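Here's a quick tour of some empty space and one helix pair. Have the viewer open as you read.

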Amino acid sequence: MYIFWLAALVLSTFSLGKASQASFKYEGHDNEFLPSSDNNDHWNLYEEPPQNSTSHLIFDTMNSLVQHWTNTRYRNGHTIIPATIPTGTILYHGTYTTKFPINPEWVATDAEHARYFCQGLGTYDNNQGCWQLTLAVTSPLRILYFDGSSAAKLDDGPLDTQDILLWGQSRPNMVFREEIRICGLCDWGRKYGIHGFMRMQMDFEIMLCNFTRDVEVVSFLNLATEILVGMGADTMEVGTWHNHYPGDTRVMPDLSRAISFYDIHTFPSLVARRLGKERWYHRADGLSVEDLQTLRKRLDEVLADDKWGGAPAVDWRAQFHVITNRYAERLETLRYMVTNITDTQRAADRAFEHLRKLLSPYRLHAAIPSSITLADTSNHSWAIPVFKLCATTHTSYLSKLPNLTPSETMLLHAMEDVNKEICRVVVKLWAEGVERGLVPWKEITTSEDELRELLDGWKDKVNGLMKWLDWSVWIKCPEPCGPEQMCFMPTWPYFLSLKGHMPIPLRPLSGQVYVLSEQSSPDTPDALKSPPWHKPQPRCVRKFPPYNDMFT
């Protein structure tokens, strides 16, 4: 039996080798399952995304909803999205008083976050402890979620989406007027039956409009006081629980009703304001009168009473995650392979094999060039069917679905564009490798200088793709953190330090608000003029005392 199996394997390998030398063509009735060959100009392996494309930004923000890491890195949110908090969810409210809240107040999804405010605000006697109210959700709560670090008290963008909803524009003078903000939002949301508004800073919080509507008291406890610095560190650690997908699972965003300020068709007035700026400095502020009217109309549509309660047919979060899960680690590995080179031939062979693995579901048996030619003299047209399959497999069915909402159409286009660009780059590199002779049936000999030039080009293209995608899963601490440490992305309010160890917010006792913007004012502290605070980068910090490294 073994001999027959071996003979069959050798024969099939020989047959594949012979077939691989044939000219590129399709035969048989499998053609009906292949993408259409029309409009090949649309499948140009040399055509990069338009300069003002925001598909990658929509993709990344939607793929990062209710995840702490990306929304800490990019503080200025661009998404307003309806969400629900399911029955049975436990919420926490920390306070220094024994009074039950009768006005809108804040609740946390994690107890440690509420404990920080249990004693971090107001006047209290240390000998009396502090108070924590615990609530259980008795019926699904209607929530409006603002992405980014939307609870950060900074006037350079984190609060834009809330300000626009309330006042039509950013209001820097209202940064610390949180009582006015929460009451204004709850008044605005009453006609939609909204229970509250979800935001994020050190961890996720909900601005709850009514403490007696669809929630009930589990407990109202007098807790022992803790050291404030330690409580801040605990809150930061708890926030990291929600760093990456699926994020905080107690909130269920409905992507079929998402509104994104990166949608250039809905908000064209923001295109020019973003042009030439790095993502750190993108803002939702600056809508034209027409775009503001469009926003209000869209809010009326997505918050209508009949839109709550049913789950969308397509799980868009899962769809986005499939793409990132498929490519994130593999692109990172490819970048390593074309960057860390000791043996040029070995590096080229390994990288090419990795590309073959990336494209294995799409490499058609007949997709080979009619003859091996130098890559720089070819447009790789023979590889276009592979490009099409790679780019459309995940979206071709979705594109045929009837009755997609405007939000779902936006999501589909973002997914199509991102998938297409990933496949364009990967297929192009693979095609270059085939044409350079990095295949088992080598017909040409490639010199070491040519291989080095090829690998340099691959490195530039992979780096360019990863820079364009800008997935925060690739942003990590420079070195692995120790068992007493955690990988920490600097966030508000821990931007400054006092005598090297005490955290202070960005609002000194004088009431002045420091601004994190491209142009620092003369009064801005030196610590805020340095790039790390404009562009947060992770570092290892201690989870236990002393906490010096977290606040410096």
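## Ground rules

Helices here are DSSP runs of H or I with at least four residues, numbered from the N terminus. This is a predicted model, where local features need pLDDT of at least 70 and side-chain atom pairs need 80 or more, while totals for chains, interfaces and linings use all residues. Numbering starts from 1 along each chain as its sequence is written, and side-chain values use heavy atoms, with hydrogens and water left out.

## The second largest pocket

A pocket is an open set of points on a 1 Å grid over the protein atoms alone, with protein on both sides within 12 Å along at least five of seven lines; lining residues have an atom within 4 Å of a point. The second largest one holds about 970 Å³, counted as the space filled by probe spheres set on points joined across faces, edges and corners.

Its lining has 35 residues, with Gln 51, His 56, Gly 464, Lys 467 and Trp 468 nearest the centre. Helices α2 (55-63), α8 (271-274), α13 (406-435) and α14 (448-469) each give two or more residues, and α14 gives the most, with six.

## Closed cavities

Cavities are grid sets where a 1.4 Å probe fits but cannot get out. Three of them reach 30 Å³ or more, and the largest has a volume of about 110 Å³. Thr 61, Tyr 74, Asn 76, Asp 147 and Arg 279 are the closest to its centre among 13 lining residues.
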